Structure formats: structure tokens, C-alpha cells
Amino acid sequence: PMLPRTVVLLLLLAASLSSSSSPPPPSSFRPSFSSSSSASLAFPRPSSQIYSDRAIRDLSPYVTSPVAKEGQTLCRRVSVTRPLLSAVIPVHRRCIAAAEGGNDREKGKDGIVGDDDNSGTDQETSNENDRPLQEIFDEGLSYGRDIRQQVLSRFTSPVINDRGLPLSDALVATSSSIIIAIVVLGLHIVRPSWLTSLDWVPAWKSLPYLLPTITHGSLLSLCWVLGSLAAEGYQFKAWAGREAVVATTGKAWAFAVALMIFGVQIGLAKEAVSRGVLPLIGEDEVLDMLAVSKYSEMVVDAVGVGIMVFFWRQYHMTQAPKPRR
């Protein structure tokens with residue numbers, strides 16, 4: 001009785017295997033290659049990479065070197081992008097224009113349109129490439145000057161829609177150093193380098209520390225006001241909403257921190273010159289410890305100014321003047 005049962009199991013297994021086997025793929029899925037030359041190979045191209053054959057035939061005057069043939073093959077095989085082929089094959093600019101023109105002609109509202117929409121693309125591109133280098137250079141130079149003038153105008157001729165806001169920002173930034181001084185002197189912890197007592201001031205409570213604190217706070221306020229000018233933080237759009245306030249405050253704070261870092265670097269370089277060493281890490285142990293101390297103080301100042309001005313700007317948003325309609 002075991003033999004018939006084994007035969008039945010084998011038959012069932014064979015039937016299941018035959019039913020689960022897939023049919024061979026149809027011929028439409030098999031890539032076909034023509035037997036012509038390498039300049040006109042027929043590659044299987046998906047719909048997003050189809051370019052008109054007329055655009056490729058227009059490249060016949062340019063197929064004069066292996067580089068040009070390689071560029072034509074790339075035009076037929078891959079999605080042509082201007083930065084890619086312009087960097088790899090500079091002599092094949094017309095290939096790029098032809099491929100882009102063919103791609104634009106075959107794409108429309110429903111994905112396919114006529115073949116005559118951008119017939120002048122090749123001529124316009126060739127005219128653009130024939131421009132003299134001096135003209136292109138002058139155009140780039142003019143653009144750079146416009147950008148420089150736009151950046152400098154934020155400081156030389158700023159737009160201030162709330163005239164009291166710069167002074168308010170300066171007072172708030174100065175108050176951050178006063179709060180730090182109160183905490184340090186109250187808790188009797190290590191004082192920062194800028195918090196020193198003046199010998200010629202009467203030793204009455206914390207009065208000898210008042211002027212150094214205000215002086216340090218004025219430097220912080222200067223950094224913040226310059227940062228706010230750079231971020232256009234005194235215009236109506238700076239407090240148009242909560243997101244605008246957060247974005248403007250973040251940009252101004254980043255610029256102010258950059259100015260703080262620049263100031264610390266100048267101070268360290270001056271100290272290194274006075275010691276006769278290079279302003280580099282490892283040149284002088286005392287200078288290294290001074291750099292660690294200065295940057296630690298700068299981090300505390302940056303965090304303090306950022307917190308104070310952030311909450312002040314949030315409150316100012318609810319009380320600030322609105323643009324007239």
C-alpha cells in the first residue's frame with residue numbers, strides 16, 4: 001500500500017509544478033538592435049527618454065569625431081540634461097538642444113503633442129553659443145555688481161518701518177549681558193574676562209562692574225543690530241506672522257554670531273602677535289587656554305542674546321505697526 005501512495009504524491013507534485021510555471025516572455029519585451037553603424041544604433045528606450053529621429057538626424061554635420069558620436073549615443077540612450085553633457089561633451093551643445101527640443105515636442109498636456117512646436121530651438125541655442133565671450137563676461141560682471149549693491153543697500157540705506165525697533169533691540173541685547181553679570185556675581189562663580197571691576201569706581205555693592213557690563217552689552221547689541229539689518233528685520237514682512245518672526249530672528253542671530261566669532265578671532269590674533277607666535281592651535285599653551293575661555297564666553301553670550309531677542313520679537317509681533325493698505 002505504500003507504493004501507490006508515493007506514486008500519487010509524486011503525480012500531485014508534478015501537476016502543481018507544471019501549473020505554477022510561467023509562460024515564456026513575449027517577443028515585444030525583447031530588446032532589438034539594428035545592424036547599422038554605431039552612430040545610428042536602435043536602443044530600447046522608455047517613453048520618458050524618447051527623442052525625435054529628425055532631431056538626431058540633424059546632428060549629421062557634427063558627427064565628425066568619436067566624442068561627437070559618443071554624445072549622439074548619449075542623446076539617444078539617456079535623459080539629456082544640460083549640465084551633464086555641457087560638462088562632459090562641450091562640443092555637443094546642438095545635441096543637447098536637439099534632444100531637449102524633441103523631448104518638448106513629444107510632451108504636452110496629455111503627454112504627446114505635435115512635432116513642430118519648438119522648431120527654432122536649435123537656431124536660438126546656436127545664436128546664444130555664438131555670443132562673444134566679452135559680452136558674456138560683462139553680463140556676469142553686471143549681475144555680480146547688482147548683487148553687491150543689493151547686499152550693501154541693506155546697511156547703507158536700510159528700510160526701517162518701525163523706527164523704535166533698533167533701539168529696543170539694542171536695549172534687549174544689552175540686558176542679556178546684565179543678566180549674566182547678575183547671575184555670576186550672585187552665585188559667586190567664575191567671572192568672564194569682560195566682567196572686571198574698575199579701581200576708580202567706588203566699591204559700593206556691584207557698582208564697579210556696571211560699566212564693563214554695559215560696555216560688553218553694547219558690543220553685543222551692535223552685533224545684533226547689524227545682523228537684523230542683514231536679515232531685513234526692520235521691515236513689515238519681518239513681523240508679518242509667527243513663521244516670519246522666527247525666520248528673521250534666526251537669520252539675524254546667525255549673522256550676529258558670525259560677527260562675534262570674527263571679533264574673538266581678531267582678539268586672539270592680536271594676543272598672538274603680542275606674544276610673538278602664530279595665531280594657531282598648539283603654538284602657545286597660554287594662547288590655547290585663552291582661546292578656549294574666549295569661545296566659551298562667546299557661546300554663553302550668543303545663547304543669552306538669542307533667547308532674550310527671540311522672546312522680545314515674539315512680543316513685538318503682537319504690538320508692532322501694520323502696513324497701511
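## A nonpolar surface patch and the cores of a predicted model

User: Which residues form a nonpolar patch on the surface, and what is their accessible area together?

Analyst: This is a predicted model, in which local features need pLDDT of at least 70, side-chain atom pairs count only at pLDDT 80 or more, and totals for chains, interfaces and linings use all residues. Residues are numbered from 1 along each chain as its sequence is written, and side-chain values use heavy atoms, without hydrogens and water. A nonpolar patch joins Val, Leu, Ile, Met, Phe, Trp or Tyr side chains within 5 Å, from residues with over 30% relative accessible area and no salt bridge (a side-chain nitrogen of Lys or Arg within 4 Å of a carboxyl oxygen of Asp or Glu). Here Ile178, Ile182, Trp204, Leu207, Leu210 and Ile214 form the patch, and their accessible area (Shrake-Rupley method, 1.4 Å probe, only the protein chains shown counting as cover) is together about 550 Å².

User: Is Glu297 buried or exposed, and which side chain of opposite charge is nearest?

Analyst: Glu297 lies in helix α11, residues 285–319 (a helix is a DSSP run of H or I, at least four residues, numbered from the N terminus). Glu297 is buried (under 20% relative accessible area, 1.4 Å probe, protein chains only) and has no salt bridge. Lys counts as positive and Glu as negative; the nearest side chain of opposite charge, 4.7 Å away, is Lys294.

User: Which residues does Val309 touch, not counting residues up to four places away in sequence?

Analyst: Contact means heavy atoms within 4.5 Å. With residues up to four places away in sequence left out, Val309 touches Val172 and Trp224.

Technical notes. Helix = DSSP H or I, 4+ residues; strand = E, 2+ residues; numbered from the N terminus. Buried < 20%, exposed > 50% of the residue type's maximum accessible area, 1.4 Å probe, protein only. Patch = residues over 30% accessible without salt bridge, like charges linked within 9 Å, V, L, I, M, F, W, Y side chains within 5 Å.
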